Amino acid sequence: MSRRPVEIVASAVEEYGSGREAVLQILTRVNGELGYIPEEAMKAVAAAVGVSDAEVYGVVSFYSFLSVKPRGRNIIRICDTVTCGMKGFKDVVAAIEEELGVGVGETTPDGRVSLETTSCLGLCDQAPAMLVNDTPYIRLTPEEARRIVAGLE
Amino acid sequence: MGETRVLTSEKQPEVGAALEKALGMTAADVVFEVRESGMKGRGGAGFPVGIKWNLAGAASGADKMVICNADEGEPGTFKDRLLLEKYPHRILEGMAIAGYAIGSARGIIYLRAEYRYLVPSIMKAREELLEKKLLGRSILGGGFDFDIEMRFGAGAYVCGEETSLIESLEGKRGEPRNKPPFPVNSGYLGRPTIVNNVETFVNVPLIILNGSRWYRELGVGDDAGTKLFSVSGDVKHPGVYELPMGSTIGELLEIAGAEDVQGVQVGGASGTTITPDELDRRLSFGDLPPGGSVIVFDSSRDMMAVLNNFMEFFVHESCGQCTPCREGNLRLLDATRSVRSGEITGMEELKEFFVLADIMKIGSKCGLGQTSPNCFVDIMTKFARLSGGKGGI
Ligand SMILES: Cc1cc2nc3c(=O)[nH]c(=O)nc-3n(C[C@H](O)[C@H](O)[C@H](O)COP(=O)(O)O)c2cc1C
Ligand code: SF4
Ligand code: FES
């Protein structure tokens, strides 16, 4: 069972403190554990640090890794920037979409995987590339990508 | 040409030797050595490193900060990833030397969230340095304390801009600040702060060990040191290459195995797009600013599609704080799409967009909006094959 949002916030505040500069770290912790940041958690962060709810929401909305919408247990971030674009991004993403039955920006109905595109991952020498959660996958072919995606729990 | 690889050489100096030597010098002498080396920042903007350190050292204010910019997000750049993977000790040692030089006890590595898989190797290096008394309290038994913590981005290219990075470290939206005040006077939490690139820090121990003169002579002509280049796209051997600063782009492409060249993007999406006629240009702050990213396009590539991709990147990554950048990038993307769809057929119709590009360069608050129109102007003027009008190639 995952912990409740307010519990995660409380333990992150213990670790990072309740200073203004801890906000992004606390939010990142919640996001990492739940896959997104529920309103409850944003309110708890605002109260703990002493800033407005709107300010916390403003931080969440700024960063592409932070989400206010529930996401899947696994997050695929596939690079759509230039070198990956030259090396087969289109075919790879099409294969993943077909394998998952959902498109970019969507989550499988069983909550297993969310698919997102992202800017350059710094793996252009091994393009096309993607991250699954924190793990990089490189030199993808459509077949290889299908296999990786199918293996996600 | 002799052995030019010093950063990525097989023979690496012993960890800690440079820090030990630096601690035997005065802080002012360390700054002086770095200044005399002529090293310019490796993160893109090319500000002289020694001058930045001098300013931070002289600034009044407690708790000075040393920040390593590991946000590497410029499209086509991956040389810092290699350094973080293979040479984490040297990064940390360079930061500690910087700390001694400016009078700081605290360093932060700001790592992009996309590089989280590199954390174990960096943390292991930190542990090893702590054990060897090269970090932590009373380094090498003397009176200098310095430790380093890791903090993370959360997926925003603009956070590589140093004031945006500082905002992000303070837990806020990563929106660039107005300058002045400059970080050297008022940076992280208002403290005097230096922000330097990963590659910049990696150079520091070598400068201290071998001297400023050695370093200057590594470069070609007026340029100092060597430079890492991330080469990708249509080349036989994509990867990171180390060459003397001031080498030509042609020399680099030959080593990387570029056989068919229609165009080259030098310095990332915000850099310069060049044609095969320009391969004798130098990778140098005086000519082609060498951010570190080199992307090669062969003759099969549609340069308008390349431009479209760059402009989508900037539209997505603009923080939206100022109008020239927020609206300007959208309009340049629209214009690119119109050229691709045949709605715009002549250079005449693009004129207003070149004027807009100039406005963005002058009127944007940070480097993102100031440089994002470069690729639009370069690709439209050098590569556009417009069906109508007199302009274009
Ligand atoms: C939009 C934008 C993104 C940037 N991204 C990076 C980056 O990822 N890494 C980096 O070192 N510098 C980046 N910079 C440059 C930094 O603002 C700053 O000049 C640099 O970190 C200073 O270090 P250096 O002098 O050692 O190069 C970026 C600048 C802009 C405008
Ligand atoms: S130039 Fe663009 S990225 Fe920079 S502050 Fe303005 S809107 Fe933000
Ligand atoms: S362009 Fe995809 S990793 Fe750089």
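Student: How far is an oxygen atom of ligand 1 from an N or O atom in the side chain of B:Asn69?
Tutor: This is a predicted model. B:Asn69 is among the residues that come nearest to ligand 1. A polar contact needs N or O atoms within 3.5 Å. The pair formed by the B:Asn69 side chain and a ligand 1 oxygen lies at 2.9 Å.

Student: At what distance does a backbone N or O atom of B:Gly43 lie from an oxygen atom of ligand 1?
Tutor: B:Gly43 also belongs to the nearest residues around ligand 1. Here the protein partner is a backbone N or O atom, and the ligand 1 partner is an oxygen. Their separation is 2.6 Å.

Student: Which residue has a backbone N or O atom 3.2 Å from an oxygen atom of ligand 1?
Tutor: The cut-off for a polar contact is 3.5 Å. The ligand 1 atom in this pair is an oxygen, and the protein atom is a backbone N or O. At 3.2 Å, the residue is B:Glu72.

Student: What percentage of the accessible area of ligand 1 does the protein cover?
Tutor: Ligand 1 sits in the largest pocket. On its own, ligand 1 has 600 Å² of accessible area. The part covered by protein is 90%.

Student: Which element gives the most to the shell around ligand 1?
Tutor: Two elements of chain B give two or more residues to this shell: β4 (193-197) and α14 (367-371). B:Asn196 and B:Asn197 are among the nearest residues to ligand 1. With three residues in the shell, the top contributor is β4(B).

Student: How many charged residues does the shell around ligand 1 have?
Tutor: The shell holds 19 residues. By class, four are nonpolar and nine are polar. The charged ones number six.

Student: What space does ligand 2 take, the largest cavity or the largest pocket?
Tutor: Ligand 2 is surrounded by 13 residues. The closest include B:Cys319, B:Cys322, B:Cys325 and B:Cys366, along with B:Gln321. Its shell has seven nonpolar, five polar and one charged residues. The space ligand 2 takes is the largest cavity.

Student: How many Å separate the centres of domain 1 and domain 2 of chain A?
Tutor: The domain assignment of chain A places domain 1 at 5-62 and domain 2 at 74-150. The C-alpha atoms of chain A fill a box of roughly 50 × 30 × 25 Å along the principal axes. Taken over C-alpha atoms, the two domain centres are separated by 29 Å.

Student: How many strands does chain A have?
Tutor: The order of elements from the N terminus is α-α-α-α-β-α-α-β-β-β-α. Seven of the elements are helices. The strands number four.

Student: Where does A:Pro128 lie?
Tutor: The peptide bond from A:Ala127 to A:Pro128 is cis, with omega near -5°. A:Pro128 belongs to a loop of chain A. That loop runs between β2 (113-118) and β3 (130-132).

Student: Which peptide bond in chain B is cis with omega near -10°?
Tutor: Its proline lies in the loop between α7 (162-169) and β4 of chain B. The bond joins a lysine to that proline. It runs from B:Lys179 to B:Pro180.

Student: What is phi of B:Asp63 near?
Tutor: B:Asp63 lies in the loop between α3 (49-58) and β1 (64-70) of chain B. Its phi is positive, in a residue other than glycine. The value is near 55°.

How values were computed:
Residues are numbered from 1 along each chain as its sequence is written. Chains are lettered from A and ligands numbered from 1 in the order in which they are written. This is a predicted model: local features need pLDDT of at least 70, side-chain atom pairs count only at pLDDT 80 or more; totals for chains, interfaces and linings use all residues. Side-chain values use heavy atoms; hydrogens and water are left out. Domain bounds come from an automatic or database domain assignment. A residue is near a molecule or strand if one of its heavy atoms lies within 4 Å of it. A polar contact is a pair of N or O atoms within 3.5 Å; within protein, one must be able to donate a hydrogen and the other to accept it, and residues adjacent in sequence count only if both atoms are side-chain atoms. Accessible areas come from the Shrake-Rupley method with a 1.4 Å probe; for residues, only the protein chains shown count as cover. On a 1 Å grid over the protein atoms alone, a cavity is a set of points where a 1.4 Å probe fits but cannot get out, and a pocket is an open set with protein on both sides within 12 Å along at least five of seven lines; lining residues have an atom within 4 Å of a point. A molecule sits in a cavity or pocket if more than half of its atoms lie within 2 Å of its grid points. Ala, Val, Leu, Ile, Met, Phe, Trp, Tyr, Cys and Pro count as nonpolar, Asp, Glu, Lys and Arg as charged, and the others, Gly among them, as polar.
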